[in-house]
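Here is a short, friendly tour of a structure to read alongside the model itself. Please keep the view open as you go.

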Amino acid sequence: MAYFYKVTDLGTLLGGDSSSAAVINDRGQVAGSSGVAGGRSHAFVWTAGAMQDLGTLPGGTNSGGSGINICGWVAGQSDFAGSGGKTHAFLWNGTGMQDLGTLPGDDGSAANAINACGQVVGNSSLSAGGKLHAFLWSGPGMVGLGVLPGFTDSGAHAINNLGQVVGYCASAASANRGFVWSASAGMQPVGTLPGGMSSDAVGINDLGEIVGTSDSGNVNQLHAVLWSSERVALDLGVLAGGTWSSAFAINAFGTVVGNGNCTGAGSHAFVWNIKRGMQDLNALIPANSGWELLGAVGVNLAGQIVGTGTVNGQQHAFLLTPQCTPSKR
């Protein structure tokens with residue numbers, strides 16, 4: 001049987017004309033951002049066909065959802081009254097937004113992911129100095145995760161249910177380097193593809209497998225990468241006719257999603273697994289769907305995939321539901 005997906009348009013919030021998905025949990029709930037009336041953007045959670053506006057921090061005008069856990073709690077960022085355009089990380093638990101603040105000495109923050117334990121990771125920043133600091137928030141407050149030796153800045157992308165965090169470190173003097181952090185081992189580099197100088201660790205599953213990007217000697221041609229739990233890097237390649245690719249998420253079955261360029265397209269969403277390699281998701285949906293799937297950012301245990309594409313000339317968040325059983329390893 002051909003492996004294909006049903007496409008669901010997640011739509012927009014009231015008054016909006018565009019939306020983008022950021023993540024999906026194992027209950028099929030999606031978090032992201034949507035336009036609203038007045039040219040603003042608000043964080044949303046989508047559940048079983050209904051998109052809910054999460055609003056903003058008090059006095060704010062714009063917000064975005066970036067992470068969602070199995071409980072349906074959403075993490076993201078919002079501006080607020082008197083923020084001067086800066087944002088603070090927030091946690092929404094169904095009753096309203098909690099301002100998570102910043103690391104000491106910083107004036108802005110954004111949350112990127114949340115795990116089943118309610119631990120939140122993201123970035124805290126000082127606008128005057130331009131520095132970025134990865135943080136972990138677990139209730140009492142934020143803790144800075146530090147940087148790898150030789151680097152000055154760090155940012156956290158994702159956290160799994162074991163509390164392992166992935167992200168990147170940056171410095172004006174060197175290429176970025178992906179990291180994995182745990183409470184027991186601290187921050188460790190994930191390495192690069194052979195001959196590479198740069199990497200970025202973007203997603204991690206509960207087996208400790210990491211996905212992201214790395215170059216292999218040409219920093220202008222990044223490839224999607226899967227790092228095993230032993231930190232062995234596997235180049236996931238590119239789409240047909242493409243030169244670059246990026247991986248954003250991996251589930252416990254080893255299904256990876258992301259985007260890459262290909263013949264005749266600037267960016268297409270892909271799905272990868274060990275049996276089939278990298279496939280253009282546009283080839284796995286009905287040919288008359290009207291969609292162009294530009295990028296995939298999340299995949300859950302059921303194999304459902306979320307991302308952003310265009311339909312009828314508008315940018316909308318999409319949900320792909322497999323029409324046959326997802327592959328096991």
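Strands (E, at least two residues) and helices (H or I, at least four) are taken as DSSP runs, numbered from the N terminus. By that reckoning, V7 is found in strand β1. Before going further, please note that this is a predicted model, in which local features need pLDDT of at least 70 and side-chain atom pairs count only at pLDDT 80 or more, while totals for chains, interfaces and linings use all residues. Residues are numbered from 1 along each chain as its sequence is written, and side-chain values use heavy atoms, with hydrogens and water left out.

**Around β1 and the cores**

Let us stay with V7 for a moment. Contact here means heavy atoms within 4.5 Å. Not counting residues up to four places away in sequence, V7 touches I285, W291, F318, L319 and L320. From V7 to G303 the distance is 13 Å, C-alpha to C-alpha, although 296 residues separate them in sequence.

Which residues does Y5 contact, leaving aside its neighbours within four places in sequence? They are V271, L281, L284, I285, P286, G303, I305, L320, T321, P322 and Q323.

Burial comes next: a residue is buried under 20% relative accessible area, exposed over 50%, and partly exposed in between (1.4 Å probe, protein chains only). A nonpolar core is a set of buried Ala, Val, Leu, Ile, Met, Phe, Trp, Tyr and Cys residues joined through side-chain atoms within 4.5 Å. The largest such core has 17 residues, and Y5, L281, L293, I305 and L320 touch the most other members. Two or more residues of this core come from each of β1 (5-9), β24 (265-273), β26, β27 (305-311) and β28 (314-322). The most generous contributor to this core is β26, with 4 residues. There is also a second, separate core of 14 residues, with V121, L136, A156 and M187 among them.

Strand β26 is also the place of E292. Leaving aside neighbours within four places in sequence, E292 is in contact with A265, H268, N282, G309 and T310. Its relative accessible area of 33% makes E292 partly exposed. Between the C-alpha atoms of E292 and V257, 35 residues apart along the chain, there are 16 Å.

**The largest pocket**

A pocket needs a definition too. On a 1 Å grid over the protein atoms alone, it is an open set of points where a 1.4 Å probe fits, with protein on both sides within 12 Å along at least five of seven lines; lining residues have an atom within 4 Å of a point. Grid points are joined across faces, edges and corners, and the volume is the space filled by probe spheres set on the points.

The largest pocket holds about 940 Å³ of space. Its lining counts 40 residues, and V23, I24, I159, I204 and A249 lie nearest the centre. At least two lining residues come from each of β2 (19-24), β3 (30-36), β6 (63-68), β10 (108-114), β14 (153-159), β18 (199-204), β22 (245-250) and β26 (291-299). With 5 residues, β2 gives the most to this lining.

What is the make-up of the lining by class? There are 20 nonpolar, 18 polar and 2 charged residues. In this scheme Ala, Val, Leu, Ile, Met, Phe, Trp, Tyr, Cys and Pro count as nonpolar, Asp, Glu, Lys and Arg as charged, and the others, Gly among them, as polar.

**Loops worth a look**

The table gathers four loop residues with their accessibility.

| Residue | Loop | Relative accessible area |
|---|---|---|
| R231 | β20 (223-227) to β21 (233-235) | 25%, partly exposed |
| N312 | β27 to β28 | 73%, exposed |
| A128 | β11 (120-126) to β12 (131-137) | 75%, exposed |
| G163 | β14 to β15 (165-171) | 10%, buried |

Phi of R231 is positive, near 70°, in a residue other than glycine. N312, also not a glycine, has a positive phi of about 55°. For A128, the C-alpha atom is 9.1 Å from that of D106, 22 residues apart along the chain. Apart from residues up to four places away in sequence, G163 touches N115, Q119 and W181.

**Cysteines**

A disulfide is a pair of cysteine sulfur atoms within 2.5 Å, and a search of the whole structure finds 0 of them. For C117, the closest cysteine sulfur is in C71, 9.2 Å away and therefore too far for a bond. C117 is exposed at 57% relative accessible area, whereas C262 is buried at 10%.
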